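Reader: Morning! I've just opened this one and would like to go through its charged side chains with you. Can we take it a pair at a time?

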Amino acid sequence: MAKKLKEVLSDAGISMDLQSGGKAPDQLTDREIKREPHPRVKKLKDIFMDTLSSANNEFTYWYTREYMQHDCEIPVVRRAKALKSAFAHLTPTFYPGELLVMHKASYFRGSFPMPWLSEGFYMAHEDEFYQEALKRGSASVDEHSKFGSGGGNVTKSFGKVVSIAGKFGMRQEEIPALLKLAKMWYGKSVDDLGNKYEKMVPEYKTKEQIMRSIICMFDSGFTLPQGREVINYYYPLEYGFDGIIKMANEMKAKVAGKADGDGMVGMNRLYNYEAVIFMIEGMQKWINNYAKEARRLESITKDAKQKAEYKGIAERLEWIEHNPPRTFIEAFQMIETLHLGVLNEDAISGMSPGRIGQILYPYFEQDIEAGRLTEDEALELLELDRVVKTSIDCFASTGVVGGVLSGNTFNTLSVGGLDKFGQSAVNRLEYLILEAAANNAMPQSTIALLYDEKLPEDFLILAMEVIKSGAGYPAFMNTPVAQEFLMKQYGAEGMTLEDVRSWAIGGCLETSACVWKTLHLNGKEYDIPGGAGQPTSVGVHFIAMPKVLELVLFNGVDPRTKEKVYEAHNRKLETYDEVWDQFKLYWQKTCEVLAWTNNIQHDIWRKNNMAVLNSLLKPDCLDNGHLINELGYRFNGTFNVESAGTITLVNSMAALKKIVYDDKEVTLEEMKAAIVDNFGFKDAREVNSFSLADQERKDSDSGKWEKLHFKVLQAPKYGNDDKYADQILLDWENFFCEDATHYESLYGLKMYPCQISVSTHGAMGSATLATADGRLSGTTYADASMSAFPGTDRNGPYALLNSASIWDHSKSQNSQLNIKIHPTAIKGIEGSKKLLDLTRAYMRKGGFHIQYNIVDSKMLKDAQEHPENYRDLMVRVAGFTQYWVEIGKSVQDELIARTEYEGV
Amino acid sequence: MEKLLYRDSRNYVPIDVTKGIDHLTGETVMADKEAPKGYEVMPKCKNCANFKADGEQMGVCEGSMSEPKFFAYPDMVAITCDMYKEVK
């Protein structure tokens with residue numbers, strides 16, 4: 001049998017031991033903190049654990065049926081009517097024991113296709129629509145993306161269930177209707193219309209090649225047009241749905257026929273308010289249908305307790321259908337309904353509830369004072385919320401949902417931060433949110449702790465205890481760094497210091513613009529925070545930096561596909577600076593082309609598929625009469641340029657600099673030949689492992705590249721507080737953060753840099769040859785943007801923090817650092833304090849984000865071999881937590897391979 | 001009389017595409033299993049007077065306002081449809 005890389009290196013006296021700072025115990029160690037939720041929650045969680053992701057056509061059918069009837073209507077009204085009909089026809093479903101009710105679709109973990117965005121990907125591979133999608137590159141990434149084979153993923157068809165996109169199960173009785181509905185959108189979807197017009201960009205062919213080579217993983221205009229933002233629940237909480245309709249009717253009378261100085265879109269306000277009314281009526285009908293079903297169940301249920309609960313549910317729904325909520329549970333139900341409503345309006349990943357502990361606090365405070373609520377009842381509801389959020393699925397293609405998102409939908413909740421006056425915003429409810437997260441450890445909502453020096457010590461220690469449960473949350477985000485970024489980006493749109501303090505995380509770790517609004521409850525006023533910015537999941541997506549370098553080395557041709565991607569540069573690349581310079585030129589070409597083509601897709605989206613519900617919720621749409629598509633939001637400069645594979649690029653550039661240019665040990669041609677020959681190893685897919693250490697030599701390998709491979713593996717690496725490599729990171733960040741602002745969104749505003757990987761490091765690594773740092777073909781990149789490549793950070797965690805903080809993180813929307821720690825390294829309260837010290841040290845150095853996987857790598861290996869024993873094992877991937885069994889193999893391998901710290 | 005499957009019964013709530021809960025017993029049951037006698041029929045297009053079959057899994061909704069009439073499919077749940085008229 002061919003030797004694995006770790007064996008080859010071991011023979012040469014080089015250890016690929018991925019443990020740092022000590023040695024893990026020989027026996028498998030479980031996480032220290034283990035808690036249980038309330039019995040009611042446990043029962044519902046058990047249902048979830050045995051539930052398949054399921055889809056049907058109900059929403060799709062009614063949306064399409066209504067939309068097709070109104071082809072001469074004003075587009076925003078036409079869309080609102082279609083949405084109203086779709087919401088009004090959703091079948092209500094209740095599961096015994098629920099207190100927070102309503103579901104996206106009529107399954108526990110339900111979703112539905114939106115062919116008005118894209119209809120090609122769920123066609124059969126032989127279908128001409130699918131072939132077209134493949135040609136234009138939008139299906140290429142599906143070939144490099146895989147879902148985990150366990151959990152709720154329906155990866156294969158069985159019995160009467162058809163697998164769609166490798167994740168969703170649909171009854172075969174629904175398939176003919178799905179295909180008929182999809183074909184009705186052919187040529188009309190955002191995907192098709194966008195493609196029709198993006199082809200008019202002179203460089204369109206380059207974009208097609210970029211997508212086919214998987215330099216970029218996906219377009220957002222027709223996949224996930226919204227998301228990675230913070231929702232705003234304020235208006236329904238303050239005014240209720242009837243109040244919003246009243247407001248919209250009054251505004252209609254005020255603006256009808258008047259441009260009010262805006263000759264472009266001033267007149268549109270009338271139609272927008274009309275759309276708002278249709279949308280709210282749809283929401284009310286949806287709630288009403290649930291209320292009626294609750295009454296029906298109340299009438300047939302014999303169990304007295306359950307019967308009373310159905311009655312209570314019906315009463316709450318009947319109230320919030322029209323009125324602002326009065327109590328904690330009514331308010332919680334209202335925000336749950338709004339959240340699911342927004343997620344049904346569009347394909348969205350990363351619709352974050354924001355600081356719900358601060359939004360719900362007024363109700364919590366008053367109910368506790370009045371004796372209407374106990375802390376234990378609030379805790380139970382917070383635990384239930386985790387079942388609701390984890391059950392949210394987003395229906396999109398394999399490449400997007402699997403390859404990019406690992407099936408997660410990123411409903412991130414924020415705690416901490418500062419209040420309007422600059423003091424700690426932590427309140428008692430936020431302690432309970434952390435307790436609930438430990439009691440009911442489920443992937444969602446993942447939690448972002450908005451760190452500031454003013455936050456109470458016991459709150460931070462509690463956060464460390466939750467992290468030790470292995471849930472992967474809370475992640476720590478640095479408030480001062482975020483505030484500085486927000487002021488730079490949104491100052492020109494009028495953001496104030498007070499506004500900045502209301503910030504929260506949208507998606508996994510996107511710094512998002514929010515504002516305070518004043519809520520009135522029983523004569524008392526509260527300032528509650530909420531989102532006020534556009535999606536940040538938009539712009540130029542996930543550019544594979546190591547792949548761009550590959551194209552530089554091979555003169556614009558992808559050696560994997562043999563296709564020309566960029567114009568040949570024909571440079572000799574005689575110096576390191578020349579390589580860097582060409583890299584930047586190809587980078588800029590990529591950003592430019594993707595910005596233009598994505599702008600067109602989003603422009604089609606805003607013309608035909610604009611958000612109505614999400615818009616009306618956010619300041620200041622209801623006030624100014626403009627929705628998202630007419631810059632109705634308070635802050636609109638949210639489009640970004642996303643990098644991927646930062647550290648693999650840095651390490652590769654460091655190896656080229658050291659081995660080829662400084663020490664001149666080999667020529668660039670020899671290095672390229674070694675890369676093409678994968679340093680004598682098989683491709684990762686052949687080995688079926690995506691971790692570097694497990695790669696195997698080719699049977700025919702003569703050992704020609706052995707020496708060079710050793711050298712590049714030992715070249716300077718990021719993560720060791722070694723300036724040789726870290727300076728390259730600094731150079732990159734200084735270039736990238738400034739360059740990103742040169743691209744303009746369709747809203748005429750500058751873009752900014754975003755540095756998260758999600759799961760792209762797996763799929764993109766799969767399409768990238770070996771890299772000059774010694775990484776082999778098809779293996780994953782280093783995860784995130786500040787994480788070290790597995791096994792290369794050998795000087796301890798503080799050295800890694802020094803490397804990561806070499807640049808000014810406030811120049812970017814985010815950065816991301818993941819660290820894996822063995823449970824024994826942080827045992828007991830002393831361990832929690834050490835973990836807090838480590839975290840605080842990074843925050844004080846100006847790092848933006850840090851998060852931890854507290855897990856024994858042996859457990860992950862065992863889970864890979866025996867997934868049936870680990871249905872509930874959760875791991876932190878990159879900005880999100882996911883069930884191990886629902887993650888694709890490449891990312892699983894990378895998680896196993898990450899350096900495990902045995903001491904902090 | 002044709003046998004009634006759980007997934008065609010009003011007393012059943014689907015958990016996913018394969019199974020659900022019998023609201024009367026609280027038990028988890030398979031979607032394609034026969035429901036006990038006396039269970040209520042789920043309003044679905046196939047049980048509606050407005051549904052005109054056109055092939056095994058496709059048909060037309062006569063209640064549709066558009067011309068030509070919009071398609072419908074027999075398995076769609078019609079609990080929330082105002083035009084639903086149960087075939088007697």
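**Charged pairs and a buried acid**

Reader: Let's start here: what is the relative accessible area of A:Lys311?

Author: A:Lys311 comes out at 36%, which counts as partly exposed (buried is under 20%, exposed over 50%, partly exposed in between, with a 1.4 Å probe and protein chains only). Bear in mind that this is a predicted model, where local features need pLDDT of at least 70 and side-chain atom pairs pLDDT 80 or more, while totals for chains, interfaces and linings use all residues. Residues count from 1 along each chain, chains are lettered from A and ligands numbered from 1 as written, and side-chain values use heavy atoms, without hydrogens or water.

Reader: Good to know. Which residue does A:Lys311 form a salt bridge with?

Author: That would be A:Glu315, with 3.0 Å between the closest N and O atoms (a salt bridge is a Lys or Arg side-chain nitrogen within 4 Å of an Asp or Glu carboxyl oxygen). A:Glu315 is partly exposed as well, at 38% relative accessible area.

Reader: And where do those two sit?

Author: Both belong to helix α11 of chain A, residues 304-320, and they are 4 residues apart, about one turn of the helix (helices are DSSP H or I runs of at least four residues, strands E runs of at least two).

Reader: How about A:Lys420, what does that one pair with?

Author: A:Lys420 forms a salt bridge with A:Asp527, and the closest N and O atoms are 3.6 Å apart. This pair links distant parts of the chain, 107 residues apart: A:Lys420 is in the loop between β8 (413-416) and α17 (428-439), while A:Asp527 is in strand β14 (residues 524-531). A:Asp527 has a relative accessible area of 31%, so it is partly exposed.

Reader: I also clicked on A:Lys658. What's its partner?

Author: A:Lys658 bridges to A:Asp663, with 3.2 Å between the closest N and O atoms. Both are partly exposed: A:Lys658 at 28% and A:Asp663 at 37%. Elsewhere, shared partners join A:Arg171, A:Glu173, B:Arg7, B:Asp8, B:Asp32, B:Lys44, B:Lys46 and B:Asp75 into one network of salt bridges.

Reader: Nice. How many salt bridges are there over all chains?

Author: The count comes to 76 over all chains.

Reader: New topic: which rings have the charged end of an Arg over them?

Author: One is A:Trp319, where the charged end of A:Arg326 is 3.5 Å from the ring centre. Another is A:Tyr883, with the charged end of A:Arg871 at 4.9 Å (NZ of Lys or CZ of Arg must be within 6 Å of the ring centre and within 35 degrees of the ring normal).

Reader: What about A:Asp499, buried or exposed?

Author: A:Asp499 is buried, and yet it has no salt bridge. The nearest side chain of opposite charge is A:Arg634, 4.3 Å away (Lys and Arg count as positive, Asp and Glu as negative; His and chain ends are not counted). A:Asp499 is part of helix α20, residues 497-500 of chain A.

Reader: What else is A:Asp499 in contact with?

Author: Setting aside neighbours within four places in sequence, A:Asp499 is in contact with A:Gly494, A:Cys514, A:Val515, A:Arg634 and A:Phe635 (contact means heavy atoms within 4.5 Å).

Reader: Last one! How many helices and strands does chain B have?

Author: Chain B has 0 helices and 6 strands, running β-β-β-β-β-β from the N terminus. Its C-alpha atoms fill a box of roughly 45 × 25 × 25 Å along the principal axes, and 56% of its 88 residues count as buried. Of the contacts in chain B between residues at least 6 apart in sequence, 50% join residues at least 24 apart.
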